[in-house]
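Hi,

Here is the structure I promised to pass on. Have a look at it first, and then read my notes underneath.

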Amino acid sequence: MVKSIISLVLLLVSVFLAFQHGWDTLNYKKHPESLKMMNELGITETMIPIFGGLTILIGILLIIPKTFFLGNMLNAISIVIIMALAVRSGNFKMVLMEIPFLIMPLVLIWLKYPFVKS
């Protein structure tokens, strides 16, 4: 029961972060500091909406029990890509900040979808 509650809390946090980051990425023109950061990572302005849409898709996939694993895998892969881009640009502070966000989908895969019998 405790495992399911922890999994539910992590799932809710992951879904919230996916929707929030996806929405903020799609509205990058309202946040010039966000656009500057993405340009420093080497993400072109044409790729920004694709990343935003992918992030929102990940949030949707996390909610559905049958696509929970795929959503977490895509989430982890997208975080690794961001970390790799940050290393390439020399922004090691960002790499360190992304580590907890990389651990979260991996822990969720291990804990499995909450309140579903296997």
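Below is what I found in it, going from one helix to a surface patch, a buried serine and a charged pair.

One thing before you start: this is a predicted model.

**Helix H5**

Let's begin with helix H5, which runs over residues 92–111. How far apart are its end C-alpha atoms? They are 29 Å apart, and that agrees with the 28 Å that 20 residues should span at 1.5 Å a residue. There is a bend along the way, though: H5 has a kink of about 30 degrees at Glu-98, shortly before the proline Pro-100.

Try colouring the buried residues of H5, which are Met-94, Val-95, Glu-98, Leu-102, Met-104, Pro-105, Leu-108 and Leu-111. So Glu-98 turns up twice, as the site of the kink and as one of the buried residues. What do these buried residues pack against? Their partners are helix H1 (2–26), helix H2 (32–41) and helix H4 (68–89). Just after H5 comes Lys-112, with a positive phi of about 75 degrees.

**Ser-7 and the surface patch**

Now move over to helix H1, where you will find Ser-7. Is Ser-7 buried or exposed? Ser-7 counts as buried because its relative accessibility is 0%, and the cut-off for buried is under 20%. Leaving aside neighbours within four places in sequence, Ser-7 is in contact with Leu-108, Leu-111, Lys-112, Tyr-113 and Pro-114. Two of those, Leu-108 and Leu-111, are also among the buried residues of H5.

For a contrast, look at Met-1, in the segment before H1. Met-1 is exposed, because its relative accessible area of 71% is over the 50% cut-off. Met-1 also belongs to a nonpolar surface patch of about 670 Å², together with Ile-5, Leu-8, Val-9, Leu-12, Val-13 and Phe-115.

**A charged pair in H2**

Side chains of opposite charge can pair when their charged atoms come close. How many salt bridges does a search of the whole structure find? The search finds 1. The partners are Glu-40 and Lys-36, and their closest N and O atoms are 3.8 Å apart. Both residues sit in helix H2, 4 residues apart, which is about one turn of the helix. As for how open they are, Glu-40 is partly exposed at 46% relative accessibility, while Lys-36 is exposed, with a relative accessible area of 54%.

Cheers

Definitions and conventions:
Residues numbered from 1 in each chain as written. Predicted model: local features only at pLDDT ≥ 70, side-chain atom pairs only at ≥ 80, totals over all residues. Heavy atoms only, no water. Helix = DSSP H or I, 4+ residues; strand = E, 2+ residues; numbered from the N terminus. Expected span 1.5 Å × (residues − 1). Bend = angle between axes of the 7 residues up to and from the residue. Buried < 20%, exposed > 50% of the residue type's maximum accessible area, 1.4 Å probe, protein only. Contact = heavy atoms within 4.5 Å. Patch = residues over 30% accessible without salt bridge, like charges linked within 9 Å, V, L, I, M, F, W, Y side chains within 5 Å. Areas by Shrake-Rupley, 256 points an atom, 1.4 Å probe, with all protein chains shown as cover. Salt bridge = Lys/Arg side-chain N within 4 Å of Asp/Glu carboxyl O.
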